[in-house]
Amino acid sequence: MASRVRELRALETLAAGRTAIHRLHPFAKMLTALVFIVLTASYGRYDFLRLAPYLFYPFVMMAVAELPYKLILTRLAAALPFCLFAGLSNVIFDRGAAFAVGGVTVSLGVLSLATILIKAYLCVMSALLLVATTPFPELMAQLRRLRVPLSIVLVFETAYRYVGVVLEEARSMTTAYKLRGGGKKALLMRHMGAFVGQLLLRGFDRARRVHAAMRCRGYSLHRPPPARHPFAPADALFTAAVCIPAAVLRFVW
């Protein structure tokens, strides 16, 4: 649990950077990520080679934004296994020959699996880069300025803010349980009900106090704060520099 809390804090620390990517307007980064994800996902199931040029985008973004490769790729590794298992059925059922390399025939199912994995990689990396270069409050404020339904924004904000709160409460309760449990290293099943109930109550109380502190500092779901700076020519240039080549690759190449 302590490691999960540190992971949440690590993304917040990355988003507070001062690079040129971090200083871009949130709308420019959100629009770029959306266009990139839509174009990537729109490719066919056998378009593995056509997706290869899109690999430059995440690596260039990480280099310019000075993001640690290990931290970002660790987050990515959590999503790829789901895509791997989802694509294994293609290997089993789609056995038509795609091409041969050195006398070894590569089936259409293998090609489809590789395409699924590279699509997942590009889409997840695009979302991770957005979160790692833009503070979460700015992302939520931009969604509200775009008139995204408040219920959706509220779900995102609640999940982001209070997951860390619940994890911290669970960590402190687990530590107290071990100290008072006479050397027990794990929570016993017969204590699980009381533990979860106390965690729920403590989490509600902590969340209420966090929300009250936010309201005292001027937080309002219906009145989004203005952006730190207006949409500048540099933001438009960044958006065009990413979206136009991506669209050309999709519809021309």
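What share of the contacts in the chain with a separation of 6 or more comes from residues 24 or more positions apart? The share is 76%. The model behind this value is predicted.

## The chain as a whole

The chain holds 11 helices and two strands. Follow the sequence and the pattern reads α-α-α-α-α-α-β-β-α-α-α-α-α. Six helices come before the two strands, and five helices come after them.

The C-alpha atoms fill a box of roughly 65 × 50 × 30 Å, taken along the principal axes. The chain has 253 residues, and 36% of them count as buried. About 14,800 Å² of the chain is exposed. Carbon and sulfur atoms supply 71% of that area.

## Two domains

The domain assignment gives two domains. Domain 1 takes in residues 19-134 and also residues 229-251. Domain 2 covers residues 143-216. In sequence, domain 2 therefore falls between the two pieces of domain 1. The C-alpha centres of the two domains lie 33 Å apart.

One pair of residues in domain 2 shows how distant parts of the sequence can meet. Val166 lies in helix α9. Val166 and Leu199 are 33 residues apart along the chain, yet 7.5 Å separates their C-alpha atoms. Val166 is partly exposed, with a relative accessible area of 35%.

## Helix α8, an enclosed helix

Helix α8 spans residues 136-145. Why is this helix largely enclosed by the rest of the structure? Eight of its 10 residues are buried, so the surroundings cover most of the helix. The buried residues are Phe136, Glu138, Leu139, Met140, Ala141, Gln142, Leu143 and Arg144.

What do these buried residues pack against? Three helices are involved: α2 (26-41), α7 (108-133) and α9 (150-180). After α8 comes Arg147, whose phi is positive, near 65 degrees.

## Lys119, a buried charge

Lys119 sits in helix α7. This lysine is buried, yet it has no salt bridge. The nearest side chain of opposite charge is Asp47, and it is 6.8 Å away. A salt bridge needs the side-chain nitrogen within 4 Å of a carboxyl oxygen, so a distance of 6.8 Å is beyond the cut-off.

Which residues does Lys119 touch, leaving aside its neighbours within four places in sequence? The contacts are Thr40, Ala41, Tyr43, Gly44 and Leu51.

## Salt bridges

The count of salt bridges comes to four. One of them joins Asp47 to Arg50, with the closest N and O atoms 3.7 Å apart. Asp47 counts as buried, at 18% relative accessibility. Arg50 is partly exposed, with a relative accessible area of 25%. The cut-off for buried is under 20%, so Asp47 falls inside it and Arg50 falls outside.

Helix α10 (residues 192-216) offers a second setting. Here Asp205 forms a salt bridge with Arg208, and the closest N and O atoms are 2.9 Å apart. Asp205 also forms a salt bridge with Arg209, at 3.2 Å between the closest N and O atoms. Asp205, Arg208 and Arg209 are thus linked in a network of salt bridges.

Spacing along the helix is worth a look. Asp205 and Arg208 are three residues apart, about one turn of the helix. Asp205 and Arg209 are four residues apart, and that too is about one helical turn. An α-helix has 3.6 residues a turn, so residues three or four places apart point the same way.

Are the residues of this network buried or exposed? Asp205 is partly exposed, with a relative accessible area of 31%. Arg208 counts as exposed, at 51%. Arg209 counts as partly exposed, at 43%.

## A nonpolar patch

Ile244, Val248, Phe251 and Val252 make a nonpolar patch on the surface. Its area is about 440 Å². Val252 is found in the segment after helix α11 (233-251). Val252 is exposed, with a relative accessible area of 65%.

Methods: Residues are numbered from 1 along each chain as its sequence is written. This is a predicted model: local features need pLDDT of at least 70, side-chain atom pairs count only at pLDDT 80 or more; totals for chains, interfaces and linings use all residues. Side-chain values use heavy atoms; hydrogens and water are left out. Buried means under 20% relative accessible area, exposed over 50%, partly exposed in between (1.4 Å probe, protein chains only). Contact means heavy atoms within 4.5 Å. Patches are made of residues with over 30% relative accessible area and no salt bridge: like charges are joined within 9 Å, nonpolar side chains (Val, Leu, Ile, Met, Phe, Trp, Tyr) within 5 Å. Accessible areas come from the Shrake-Rupley method with a 1.4 Å probe; for residues, only the protein chains shown count as cover. Lys and Arg count as positive and Asp and Glu as negative; His and the chain ends are not counted.
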